[in-house]
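Visitor: I am new to this structure and would like a close look at a single part of it, the metal site and the strand that leads to it. Could you take me through that part slowly, and then show me what lies around it?

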Amino acid sequence: MDETSLKVKTAIEAMIMASALCQKTGSDLTGKESILKSDRSPVTIADYGSQAIICKFIKEAFPRDTIVAEEDSTELRKPVHSKILDQVTYYVNEFVPGSSPEAVCSWIDFSSQVVTNRFWTLDPIDGTKGFLRGDQYAIALALIENGLTKLGILACPNLYVGKDQPHGKRGCLFLALRGKGSVQMDMDGGNRRSLSVSKVKDPSEATITESVEPDHADHLIHQRLAQKLNISKPPLPMDSQVKYGIVARGEATIYLRVPSPSEPNYKEKIWDHSAGSIIAEEAGGRVTDVLGHPLDFSCGIKMEKNHGIVVTNGILHDVVLEALKM
Ligand code: AMP
Ligand code: MG
């Protein structure tokens with residue numbers, strides 16, 4: 001097997017297992033216990049379990065690669081959280097039998113905070129608030145080489161498979177390889193089909209997707225932009241990088257993320273955009289920040305050189321950037 005195929009196979013297997021773990025903890029009441037991190041954001045048993053499994057699989061297949069993931073085991077190892085560690089270990093054991101609490105913590109800590117020439121970046125649960133609400137969330141994994149995303153995978157366990165059937169079957173895997181296009185699969189890795197963005201040319205026919213959480217973006221500016229472009233369809237609120245997936249499959253035309261007035265200088269994190277952006281780009285879309293600059297994944301965990309995010313079907317990109325200069 002060549003290296004690219006091994007990367008894809010390893011990543012998909014790990015993502016399928018991590019998704020099953022998240023869905024299992026989500027359906028058990030106890031699985032929804034969370035710890036509040038120092039930035040007041042929640043981290044659940046599922047975040048830790050997902051990160052432990054994916055880091056273990058990636059590190060075993062590619063021992064020399066760096067992984068930059070969102071969580072670490074510092075809080076989990078504290079005696080006050082021993083019950084949560086026991087629960088994480090219990091769930092990981094369902095997928096990797098014989099795992100000890102120490103092994104689980106050590107897999108979580110395969111993650112480092114250092115961005116190198118070639119590294120994987122992982123958000124074990126993107127949209128934790130959506131996950132806790134029972135709404136959308138994604139597991140996001142990307143491989144970055146010399147600042148450019150080469151591979152991106154999103155597992156979206158709660159996303160409906162058919163873009164025209166919001167009440168139909170759920171569970172989507174999105175995969176993109178640089179220069180090779182984007183595909184959507186069912187949650188078991190089957191039923192692979194290629195994706196392309198919407199062909200909408202008239203801005204008034206566009207559909208905008210944005211965060212559910214009001215503090216994660218400036219929804220008022222999004223609304224003003226919609227008015228300016230005569231967009232009459234209501235926005236599609238979605239948690240997590242699921243938004244990139246629905247632009248890639250042509251369900252939404254524009255994903256807007258203008259920084260929220262409550263945190264105007266917020267710097268986006270690499271694991272929140274690397275997997276999603278390659279999936280939208282390889283489906284024919286365009287991704288920049290609100291000033292039109294390409295996303296830069298090379299300066300560390302925070303995307304210091306970028307301000308907000310704009311994703312479109314490509315055709316409407318310049319129109320949207322121009323309208324944002326209001
Ligand atoms: P979404 O579901 O698209 O709103 O994105 C969830 C992600 O938003 C989380 O993974 C956080 O890293 C990120 N986030 C947290 N606070 C902010 C903020 N003030 N502005 C933008 N993104 C944020
Ligand atoms: Mg996230």
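**The magnesium site and its surroundings**

Guide: The donors of the magnesium ion (ligand 2) follow the spacing D-x2-D-x145-D along the chain. This is a predicted model, and in it the ion is coordinated by Asp123 (OD), Asp126 (OD) and Asp272 (OD), at 2.0 to 2.3 Å. Asp123 counts as buried because its relative accessibility is 1%, and buried means under 20%. Asp126 also counts as buried, with a relative accessibility of 8%.

The strand to look at here is β4, which covers residues 118–126 and includes Thr121. Thr121 is buried, with a relative accessible area of 1%. Leaving out residues up to four places away in sequence, Thr121 touches Val68, Ala140, Leu141, Ala142, Ile144, Ile270, Trp271 and Ser274. With one of these, Val68, there is also a polar approach, since the backbone oxygen of Val68 lies 2.9 Å from a polar atom of the Thr121 side chain. For a sense of distance, the C-alpha atoms of Thr121 and Asp188 are separated by 22 Å, although the two residues are 67 residues apart along the chain.

Trp120 leads from here to the nonpolar interior. Apart from its neighbours within four places in sequence, Trp120 is in contact with a list of residues that includes Lys7, Ala11, Ile58, Phe62, Asp65, Val68, Leu141 and Leu151. In soluble globular proteins, nonpolar side chains tend to be buried together. The largest nonpolar core in this model has 51 residues, and Trp120 is, with Ile54 and Val92, one of those with the most contacts inside it. Helix α2 (residues 45–61) gives the most to this core, contributing nine residues. Apart from that core lies another, of 38 residues, among them Ala140, Val161, Ala280 and Val311.

Further along the chain, one can follow a run of strands joined by hairpins. Strand β7 (residues 170–177) pairs with β8 in the antiparallel sense over six bridges, and Phe174 has Gln184 of β8 as its bridge partner. The hairpin of β7 and β8 has three residues between the strands, and in it Gly179 takes a positive phi near 80 degrees. Strand β8 (residues 181–186) is largely enclosed by the rest of the structure, because five of its six residues are buried. On to strand β9 (residues 193–194), the pairing of β8 is again antiparallel, over two bridges, with Ser194 of β9 as the bridge partner of Val183. The hairpin of β8 and β9 has six residues between the strands, and there Gly189 takes a positive phi near 90 degrees.

Beyond these hairpins there is an open sheet of five strands in the order β11-β10-β12-β14-β13, with mixed pairing. Strands β11 (236–237) and β13 (286–288) stand at the edges, each with a single partner strand, so one side of each is left without a neighbour in the sheet. Strand β10 (residues 208–210) runs parallel to β11 and is joined to it by two bridges, and the bridge partner of Thr209 in β11 is Leu236. Helix α6 (residues 219–228) lies across β10 and β12 (254–257), running at about 180 degrees to β10.

Methods
Residues are numbered from 1 along each chain as its sequence is written. Chains are lettered from A and ligands numbered from 1 in the order in which they are written. This is a predicted model: local features need pLDDT of at least 70, side-chain atom pairs count only at pLDDT 80 or more; totals for chains, interfaces and linings use all residues. Side-chain values use heavy atoms; hydrogens and water are left out. Two strands pair if DSSP finds at least two bridges between them. Helices (H or I, at least four residues) and strands (E, at least two) are DSSP runs, numbered from the N terminus. Contact means heavy atoms within 4.5 Å. Axes are lines fitted to C-alpha atoms, for helices over the stretch in contact, and angles run from 0 to 180 degrees between N-to-C directions. A nonpolar core is a set of buried Ala, Val, Leu, Ile, Met, Phe, Trp, Tyr and Cys residues joined through side-chain atoms within 4.5 Å. Buried means under 20% relative accessible area, exposed over 50%, partly exposed in between (1.4 Å probe, protein chains only). A polar contact is a pair of N or O atoms within 3.5 Å; within protein, one must be able to donate a hydrogen and the other to accept it, and residues adjacent in sequence count only if both atoms are side-chain atoms. Donors are N, O and S atoms within 2.8 Å of the metal (3.2 Å for Na, K and Ca); water is not among the atoms, so sites may look incomplete.
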